[in-house]
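Hi,

Here is the structure I promised to pass on to you. Please have a look at it first, and then read on for what I found in it.

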Amino acid sequence: MLDDLHIHDFYRNAGRILLALFNQFPTPATVYVEDISGPDTPDEYGLHSPRHLACLGAMTWLKQSGYIHFSQLVRQEAIEEAVLTHKGFLLLINKVESGESNAQLLDEAVRHGSSMEMQALMERLMRAFSTL
């Protein structure tokens with residue numbers, strides 16, 4: 001069976017990145033990979049862990065897909081002048097049936113949700129993003 005742990009990590013990383021930028025909006029911010037994915041211990045050659053690199057990949061993917069914008073990567077440590085795009089902001093302020101915003105749901109899922117809850121929410125947000 002295919003181990004999709006990397007997909008669960010992607011959803012959690014992407015959710016944390018979006019939430020971090022929402023909490024700073026509209027001020028551009030530097031977002032450190034370790035603040036999203038946790039501490040990293042590079043190996044004896046200075047190479048980052050797969051977990052760290054996956055989080056960096058999530059940051060890049062969010063930019064390429066139009067959720068966020070940032071001016072540059074700072075080595076493999078952070079993204080600079082990062083901010084939600086217009087569509088990314090609209091996605092997070094949209095209210096759902098419960099009256100809560102997507103940002104509120106995302107905050108709850110990041111703090112207390114299971115991997116499956118996070119996956120379901122992020123997939124719903126990605127489908128909603130494509131309709132904005």
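In helix H5 (residues 102–112) of this predicted model, the buried residues are Asn102, Ala103, Leu106, Ala109 and Val110. They sit on the same side of H5, because the arc they cover around the axis is only 125 degrees. Turned away from that buried side is a face with the exposed residues Arg111 and His112. As for what the buried residues of H5 pack against, the partners are helix H1 (5–24), helix H4 (86–93) and helix H6 (115–131).

Leu106 also turns up in the largest nonpolar core. This core has 31 residues, and those touching the most other members are Ile17, Leu18, Met59, Ile68, Leu106 and Met122. Two or more residues each come from H1, helix H2 (33–37), helix H3 (50–64), S4, H4, H5 and H6. H1 is the biggest contributor, giving 6 residues to this core. If you would like one residue to start from, try Leu18: leaving aside residues up to four places away in sequence, Leu18 touches Leu62, Tyr67, Ile68, Leu84, Leu92, Leu106 and Met122.

Now to the strands. Strand S1 (residues 29–32) has side chains that alternate: Ala29 and Val31 are buried and point to one face, whereas Thr30 and Tyr32 point to the other and are not buried. S1 runs antiparallel to strand S4 (residues 78–84), and 3 bridges join the two. Opposite Tyr32, in S4, you will find Ala78.

Finally, some backbone geometry that you may want to check yourself. Most peptide bonds are trans, and most residues other than glycine have a negative phi. Which residues does a cis peptide bond join here? They are Phe25 and Pro26, with omega at about 5 degrees. Pro26 belongs to the loop between H1 and S1.

Positive phi values come up as well. Arg75 is not a glycine, yet its phi is positive, at about 50 degrees. Arg75 is located in the loop between strand S3 (72–74) and S4. Is Arg75 buried or exposed? Its relative accessibility is 65%, so Arg75 counts as exposed. Glu81 is not a glycine either, and has a positive phi of about 50 degrees. Unlike a loop residue, Glu81 has its place in strand S4.

Happy to talk any of this through whenever it suits you.

Best wishes

Conventions. Residues numbered from 1 in each chain as written. Predicted model: local features only at pLDDT ≥ 70, side-chain atom pairs only at ≥ 80, totals over all residues. Heavy atoms only, no water. Buried < 20%, exposed > 50% of the residue type's maximum accessible area, 1.4 Å probe, protein only. Helix = DSSP H or I, 4+ residues; strand = E, 2+ residues; numbered from the N terminus. Pairing = 2+ DSSP bridges. Arc of directions from axis to C-beta. Contact = heavy atoms within 4.5 Å. Core = buried A, V, L, I, M, F, W, Y, C linked by side-chain atoms within 4.5 Å.
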